[in-house]
Amino acid sequence: MSNRLNSLLSAEGKARETVEEATREARKIRTGIPAQVSNIENEYNSELKKYEDKGLEKVSEQLELLKQKQKVILEERKTALDSRAGELAPKALELIHSAIQGEKQ
């Protein structure tokens, strides 16, 4: 009976040690969770920033292309208007001259 009692006490001691070890391990895991969450958040924010930067870079490139296209179109239209103005100027002078001649009569 004494052996059984010693065996039970020994088993109880081992169980207590196992529970204490599990408790320590659980505490370690619980205290590590905020750090892991923080690491995940930092990694997420870093990836998000990279994605946003890439997106903004693409937008900037597209804007630059559009500006260049607009500049070409503007120059073409200015040239067309200058040409048209050159064609209309003599006609306008002729009409003004006619109007002045009509008022004199």
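**Exercises on a predicted one-helix chain**

Ile33 counts as partly exposed, because its relative accessibility is 40%. The model you are looking at is predicted, so let us work through it step by step.

**Exercise 1.** Find the element that holds Ile33 and the surface patch that Ile33 helps to make.

*Solution.* Start with the helix: Ile33 lies in H1, which covers residues 2-104. Next, look at the surface, where Ile29, Ile33 and Val37 make a nonpolar patch of about 250 Å².

**Exercise 2.** Work out whether the chain is spread out or a compact globule.

*Solution.* Begin with the elements: the chain has one helix and zero strands. Its radius of gyration is 44 Å, whereas the globule rule gives 13 Å for 105 residues, so the chain is more spread out than a compact globule. Then check the C-alpha trace, which spans about 145 × 25 × 15 Å along its principal axes. Finally, turn to burial: 1% of the 105 residues count as buried.

**Exercise 3.** Describe the salt bridge of Lys50 with Glu47, then that of Lys49 with Asp53.

*Solution.* Side chains of opposite charge can pair when their charged atoms come close. For Lys50 and Glu47, the N to O distance is 3.3 Å. These two are three residues apart in helix H1, which means about one helical turn between them. Lys50 is partly exposed at 49%, and Glu47 is partly exposed at 43%.

For Lys49 and Asp53, the closest N and O atoms are 3.1 Å apart. Here the spacing is four residues in helix H1, again about one helical turn. Lys49 is partly exposed at 46% relative accessibility, and Asp53 is partly exposed at 35%.

Methods. Residues are numbered from 1 along each chain as its sequence is written. This is a predicted model: local features need pLDDT of at least 70, side-chain atom pairs count only at pLDDT 80 or more; totals for chains, interfaces and linings use all residues. Side-chain values use heavy atoms; hydrogens and water are left out. Patches are made of residues with over 30% relative accessible area and no salt bridge: like charges are joined within 9 Å, nonpolar side chains (Val, Leu, Ile, Met, Phe, Trp, Tyr) within 5 Å. Accessible areas come from the Shrake-Rupley method with a 1.4 Å probe; for residues, only the protein chains shown count as cover. A salt bridge is a side-chain nitrogen of Lys or Arg within 4 Å of a carboxyl oxygen of Asp or Glu. Buried means under 20% relative accessible area, exposed over 50%, partly exposed in between (1.4 Å probe, protein chains only). The radius of gyration is taken over C-alpha atoms; the globule rule is 2.2 Å times the number of residues to the power 0.38.
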